[in-house]
Amino acid sequence: MAVSITPLSENIGVEVTGVDFSQPLPAAELAEIKQALLDHLVMVVRDQSLDPKQLLAAVRLFGETMEQHLTDTLMDEHPEIAVLDSSKMPPDKQGRVIPFGARTWHTDHTNHERPPKYTALYAINLPASGGDTSFANMNFGYTALPQEEQASLLDLQTVNKIEDFGYIGEEARVKFGTLPVHPLIRTHPETGKKALYVHPGKLERIVGRDPDESQTFINDLLDRVITPENTYRHKWRLGDLLFCDNRAVLHRAHKDYDMAEGRVMHRVILRGDRPA
Ligand SMILES: [Fe+2]
């Protein structure tokens, strides 16, 4: 089976076919797809058939798995895997039922001191239509801003809290609620490129500003940096294993389907550096 690597859009995303993660992968092929992921920031490997053990082995080719704080979603036998099932989504404190990852554009787990470099999502069950996920290239989002604005953002830092969702256990809330401070603009440790780095839902405040002012500032910024040119909307197929580089990408899930159908993703995250 020949490996084929094809861009999915002009500025973000690449599709890989001809790779079977249930089998040993030749070193040259692994190096090739690792580079494709670094170059394109989101990589979809099609047509995988992986049990949880095989999924973990595949994802670990790209790094070290780390703890997730959505404790009620974790697989009993493999707690490194979160089972994100739309049909089991509990209502939030306001009584709203919103699918995982569908509230705002965001990067994952910014409430951790060393947030994940990659999020891997494996499509287990999909609604008849919809359930898409969009991704935005924040290297481009940042460098497209006027020079003076780019410079003015460099000194800003965010304080990051854990969300108050019912599916996060009390112990995890304490352990992962330490309010780490991250730069708003981070430099990718492997590519050296700068990117906007923020999770509005986890934003406690920007250092030196009050919470409301901080939220308004970030929402306005996101409205301007996320554009059709730097965005790719992924239509899932069963067996897709998708990797997203959280250090340079914001993403959001779409609420465009009947959640009772059970859109199910297995999610694994890989430890990253302290953002700098
Ligand atoms: Fe997410």
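**View 1. The largest nonpolar core of the predicted model.** Fifty residues, written as 50 in the count, make up this core, and the members that touch the most others are Val42, Met43, Ala120, Met138, Leu196, Leu242 and Val249. Among the elements that supply core residues, strand 5 (residues 116-125) gives the most, with five residues.

**View 2. The surroundings of methionine 138.** Methionine 138 is one of the core residues that touch the most other members. When neighbours within four places in sequence are left aside, its contacts are Ala195, Leu196, Val225, Ala248, Val249 and Leu250. Of these partners, Leu196 and Val249 are likewise listed with methionine 138 among the core members that touch the most others.

**View 3. The buried side of helix 2.** In helix 2 (residues 52-59), the buried residues are Leu55, Ala58 and Val59. These three lie on the same side of the helix because the arc they cover around the axis is only 90°. The elements against which they pack are strand 5, strand 13 (241-245) and strand 15 (264-271).

**View 4. Pairing of strand 15 with strand 4.** Strand 4 (residues 82-85) is joined to strand 15 by four bridges, and the pairing is antiparallel. Within this view, alanine 82 has arginine 267 of strand 15 as its bridge partner.

**View 5. Pairing of strand 15 with strand 5.** Strand 5 and strand 15 run antiparallel and are joined by eight bridges. Histidine 266 in strand 15 stands opposite tyrosine 122. Both strands also pack against the buried residues of helix 2, and strand 5 is the element that gives the most residues to the largest nonpolar core.

How values were computed:
Residues are numbered from 1 along each chain as its sequence is written. This is a predicted model: local features need pLDDT of at least 70, side-chain atom pairs count only at pLDDT 80 or more; totals for chains, interfaces and linings use all residues. A nonpolar core is a set of buried Ala, Val, Leu, Ile, Met, Phe, Trp, Tyr and Cys residues joined through C-beta atoms within 7 Å. A residue is buried if 20 or more other C-beta atoms lie within 10 Å of its own, exposed if 12 or fewer, and partly exposed in between; C-beta atoms are placed from the backbone. Helices (H or I, at least four residues) and strands (E, at least two) are DSSP runs, numbered from the N terminus. Two residues are in contact if their C-beta atoms, placed from the backbone, lie within 7 Å. The arc is that of the directions from the helix axis to the C-beta atoms. Two strands pair if DSSP finds at least two bridges between them.
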